[in-house]
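Trainee: I should like to discuss how one residue is placed and how the parts of the chain meet.
Mentor: Very well; let us have the model before us.

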Amino acid sequence: MAFTLPALPYAFNALEPHIDARTMEIHHGKHHNAYVTNLNNAIAGTDAEKLSIEDICKNISKYPAAVRNNGGGHYNHSLFWSILGTGSAAPTGALAEAINAAFGNFDEFKTKFAAAATTRFGSGWAWLIKDASGKLAITSTPNQDNPLMDVAEAKGTPLLGLDVWEHAYYLNYQNRRPDYITAFWNVVNWDEVAKRFAAK
């Protein structure tokens with residue numbers, strides 16, 4: 001098996017009341033686990049077994065839909081768990097400066113990011129990315145696509161991602177996606193986002 005389900009770096013209830021323990025348990029243990037299982041099945045016996053998930057995503061147009069859907073699901077969720085947690089309420093340092101330069105200020109960034117997440121029709125993700133020139137941008141993708149993929153409209157390195165599939169929030173928020181998006185800001189691990197921003 002090429003890929004495994006990463007362990008959560010915190011307890012299922014660590015993000016309450018903003019994201020409830022039962023949602024985390026199902027989201028991680030059932031949904032993400034299924035993406036890993038299905039991805040491994042889809043790449044069994046192929047050269048993709050030797051590649052990183054990032055390399056698979058960057059050349060996703062070469063692969064069948066099962067690899068795109070499940071590979072994206074694995075990459076996206078692995079990033080999502082890592083950027084959740086507790087810590088500072090806002091970015092600092094170089095990341096904060098880059099956000100201010102790109103969007104005006106942190107509140108304006110949150111407004112624009114929330115708009116991308118709210119207006120993504122159906123299932124998908126909202127992203128803060130660093131593009132090839134090093135500038136920040138906000139984008140969204142359908143289903144389990146992500147900005148690393150060669151099929152993405154806006155390409156770049158994902159720094160922050162928000163899952164807006166209903167399975168990410170329905171138990172607690174039902175159809176109130178905007179309330180879930182607002183709650184998300186209480187559980188962003190800005191230290192991890194800053195590390196991703198600083199990486200080459």
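The exchange below treats one residue and then the interface between two domains.

Mentor: This is a predicted model, in which local features need pLDDT of at least 70, side-chain atom pairs count only at pLDDT 80 or more, and totals for chains, interfaces and linings use all residues. Residues are numbered from 1 along each chain as its sequence is written, and side-chain values use heavy atoms, with hydrogens and water left out.

Trainee: Between which strands does the loop with D150 lie?
Mentor: Strands are DSSP runs of E of at least two residues, and helices are runs of H or I of at least four, numbered from the N terminus. On that basis, the loop holding D150 lies between β2 (136–142) and β3 (157–163).

Trainee: Why does D150 count as partly exposed?
Mentor: Buried means under 20% relative accessible area and exposed over 50%, with partly exposed in between (1.4 Å probe, protein chains only). D150 counts as partly exposed because its relative accessibility is 28%.

Trainee: Which side chain makes a polar contact of 2.7 Å with that of D150?
Mentor: Contact means heavy atoms within 4.5 Å. Beyond its neighbours within four places in sequence, D150 is in contact with C57, K58, N59, I60, S61 and K155. A polar contact is a pair of N or O atoms within 3.5 Å; within protein, one must be able to donate a hydrogen and the other to accept it, and residues adjacent in sequence count only if both atoms are side-chain atoms. The side chain that joins D150 at 2.7 Å is that of S61.

Trainee: How much area do domain 1 and domain 2 bury between them?
Mentor: The bounds, from an automatic or database domain assignment, are 21–83 for domain 1 and 93–198 for domain 2. Contacts link 23 residues of domain 1 with 27 residues of domain 2. Buried area is the accessible area (1.4 Å probe) that two parts lose on being put together, summed over both. Of the area buried here, 60% is on carbon and sulfur atoms, and the total is about 2,000 Å².

Trainee: Which element gives the most residues to the side of domain 1 that touches domain 2?
Mentor: Between domain 1 and domain 2, 13 residue pairs are in polar contact, both residues at pLDDT 80 or more. On the side of domain 1 that touches domain 2, the elements giving two or more residues are α1 (21–43), α2 (53–58) and α3 (65–83). With eleven residues, the element that gives the most to this side is α3.
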